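Subject: Structure for your files

Dear colleague,

Here is the structure I said I would pass on. My notes on it follow below.

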Amino acid sequence: MTPVVSALSAAVCCVFENRNVSLMNKQSANAEFPRLAENSGQAALVILIHGTYAADTENDGQKWWQAGSPAAAQLKARLPRGVTIAEGAEVFHWSGENSERARSKAASQLLERLRGLEAEGRDYHLVGHSHGGSVIWKTLKAKSLGRQPLDHLKSWTTVGTPYLQHRSRSVFNVWNIAGIVMGALLIPPAARAMLQLGRMLNNAFQGNDMVLTLPPASEAGLMGFIRVPILGGLKWVGVHVEHSVQGIHIGSYDPDTGVTLLEYFFGSLEGVLLMVVTLTLSYVLFHLSMLSIRPAVESYRIHAEERLQRNAFDVYGSRYLALWSPDDEAINGLRATLAVQMSFVSKMFPQERVFFSDTLGLLSRPYFWLLSPIFNRWLQPPMDRLVRNIVTRAAQGNDRPSSTIVAVTPSPVGELQHLVPPLPVPLCKRILHTADHHAKDIAPMLRKLLGQASLAQGVEGFCKELSGKELVHTSYFDHSAVMELISCNITWSMGEEMVKWKTWRMDPELARWFGEAKRHLITEIVSTDEANAQGLRGSVQAERVQGTAKAA
């Protein structure tokens, strides 16, 4: 932060600690609130975005993000005039699947929705829970690629969001380079096969004669190796293949028989097979080429997104608030997947003789003596890593090619996680205590599950009995302090007077935590050389929140 900003922030803080501020009472703040919150234009919209496995096709319901839910009603009661929660067709839906593809698709859908609001000139706020916050962040990163930022995005808040930090091998990694080379080598043969077929069909429709002749193996290059099994397959299905000095003649078409080339292609089995095989060959070669190039392309995209993250946070970070608890099961559980050491493929050892039938298995001991050293040393470790990687990626919902999750953080930018402190300790304890209180009912439900005749019925009944309050991750919205912080971040965008009014109504410790969190963000985002207008205003508001909290 520049000296100018620091001095101004200190001055503002001193002003709010003087007697004039201390004489202000809550009644006057409440009386001024409607006038300060007047909005002559269209009401600002709060869009609630659910997390994984929380989807529903209905706009109204009891889930926290649905219109009419208790959580939505509590948040609505805390919002200033001129701000409304999305209802009806404005409610945002996405699949809620645990995959990067689903979250990226949802981000594209959200961005399309936000473009409409930007075109209307309508202000909006985003609130995301769990991977709903990841969807918001992907949206902001995607928008950062364009020249026009989301000017009408006034705030975004995430609750219990585990941000997955992706990494990939270098674009110039030997495997990526090999893939690019292989892909480049496969494209010309595929193109030549399609070109040859197109030329023959063109001659056929024009009434010209043409015989399909391939160059000899000495002139074919890479295609010479690729076409060996293909020519063998053609012979196997009955297509005539003849080798000569001039090349390889494919098909039995002979213009001297009086049959036209068009009749040969569409009137004989051999002609149809020739077209089908040529098209299939071209498709397979193009497909293999794309599969070879794909990892390198995805590696480039991942590295580009890493560079884009900080740019996006510099643009939208001052409007951000992260609410999370150190006891959040989703964040901690995903972190645990980074260090999974469980073995899924066992080593090969002869079994001890325990059952009578094991005696008959003594004849297989030579196989174990011969094969187990090879399997245990060379095959079991890579197979075990492969299976463990598949299981880990499934648990992480990481179906993105060439991507590895290296960290799970409560901050969108991994190296800036020190800027997003957890919720105040007393609030975290209350959330944990409430979750523990409801979790004591899980044991009776498990006994009931095990007593069911059908495991499927038991699991279904168990899931219906769960309320979501048994976990910290799914019980944030049951606490009024969390709702206060969300509404405070929304109010933050409405000016210093609104912040003053809002913090007078809040618990002083909660207001102090909010002001400190915003101040840290603004300090990081504002350049040490210059302070833009938004950063300057944000620093002043952060100091004002703390000053108001002290005065309260």
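**The five-stranded sheet**

Ala-44 has Val-83 in β2 as its bridge partner. This is a predicted model, and the pairing just named belongs with that of strand β1 (residues 44-49) and β2, which run in the parallel sense over three bridges. The two strands are part of an open sheet of five, ordered β2-β1-β3-β4-β9, with parallel pairing. β2 (83-85) and β9 (320-323) are the edge strands; each has a single partner strand, so one side of each has no neighbour in the sheet. From one strand to the next the twist averages 15 degrees.

Two helices lie across β1, β3 and β4. Helix α5 (residues 100-120) runs at about 175 degrees to β1, while α6 runs at about 135 degrees to β3. The residue ranges of the other two strands are 124-129 for β3 and 153-159 for β4.

**Helix packing**

Helix α6 (residues 131-144) also packs on helix α11 (residues 269-316), at an angle of about 95 degrees and with the axes 9 Å apart. The two helices are therefore roughly perpendicular to each other. On the α6 side the contact involves Trp-137, Leu-140, Lys-141, Lys-143 and Ser-144. They meet Glu-305, Leu-308, Gln-309, Ala-312, Phe-313 and Tyr-316 of α11. Sorted by class, the contact of α6 with α11 has six nonpolar, two polar and three charged residues.

A second helix pair is formed by α14 (residues 425-439) and α17 (residues 480-492), which pack at an angle of about 130 degrees with their axes 10 Å apart. α14 and α17 are therefore oblique to each other. Leu-427, Arg-430 and Ile-431 of α14 make the contact with Ala-481, Val-482 and Leu-485 of α17. By class, this contact of α14 with α17 has five nonpolar residues, no polar ones and one charged.

**The three-stranded sheet**

There is also an open sheet of three strands, in the order β6-β8-β7, and its pairing is antiparallel. β6 (213-214) and β7 (241-243) stand at the edges with a single partner strand each, so one side of each is left without a neighbour in the sheet. Between β6 and strand β8 (residues 248-250) there are two bridges, in the antiparallel sense. Thr-213 stands opposite His-249 in β8.

**Ala-511**

Ala-511 is in helix α19 (residues 508-525). Is this residue, Ala-511, buried or exposed? Ala-511 has a relative accessible area of 0% and therefore counts as buried. From Ala-511 to Cys-488 the separation is 23 residues in sequence and 8.8 Å in space, C-alpha to C-alpha.

**Confidence**

The protein chain has a mean pLDDT of 83, and 86% of its residues reach 70 or more. Among its elements, β3 has the highest mean pLDDT (98) and helix α2 (residues 19-23) the lowest (32). Two stretches deserve a note. Over residues 1-40 the pLDDT is below 50, and this stretch has 55 contacts in the model beyond near neighbours in sequence. Over residues 527-537 the pLDDT is likewise below 50, with 16 contacts beyond near neighbours in sequence. Predicted coordinates should not be read in detail where pLDDT is low.

Regards

Technical notes
Residues numbered from 1 in each chain as written. Predicted model: local features only at pLDDT ≥ 70, side-chain atom pairs only at ≥ 80, totals over all residues. Heavy atoms only, no water. Axes fitted to C-alpha atoms, helices over the stretch in contact; angles between N-to-C directions. Helix = DSSP H or I, 4+ residues; strand = E, 2+ residues; numbered from the N terminus. Parallel < 35°, antiparallel > 145°, perpendicular 65-115°, else oblique. Contact = heavy atoms within 4.5 Å. Nonpolar A, V, L, I, M, F, W, Y, C, P; charged D, E, K, R; others polar. Pairing = 2+ DSSP bridges. pLDDT = per-residue confidence, 0-100. Buried < 20%, exposed > 50% of the residue type's maximum accessible area, 1.4 Å probe, protein only.
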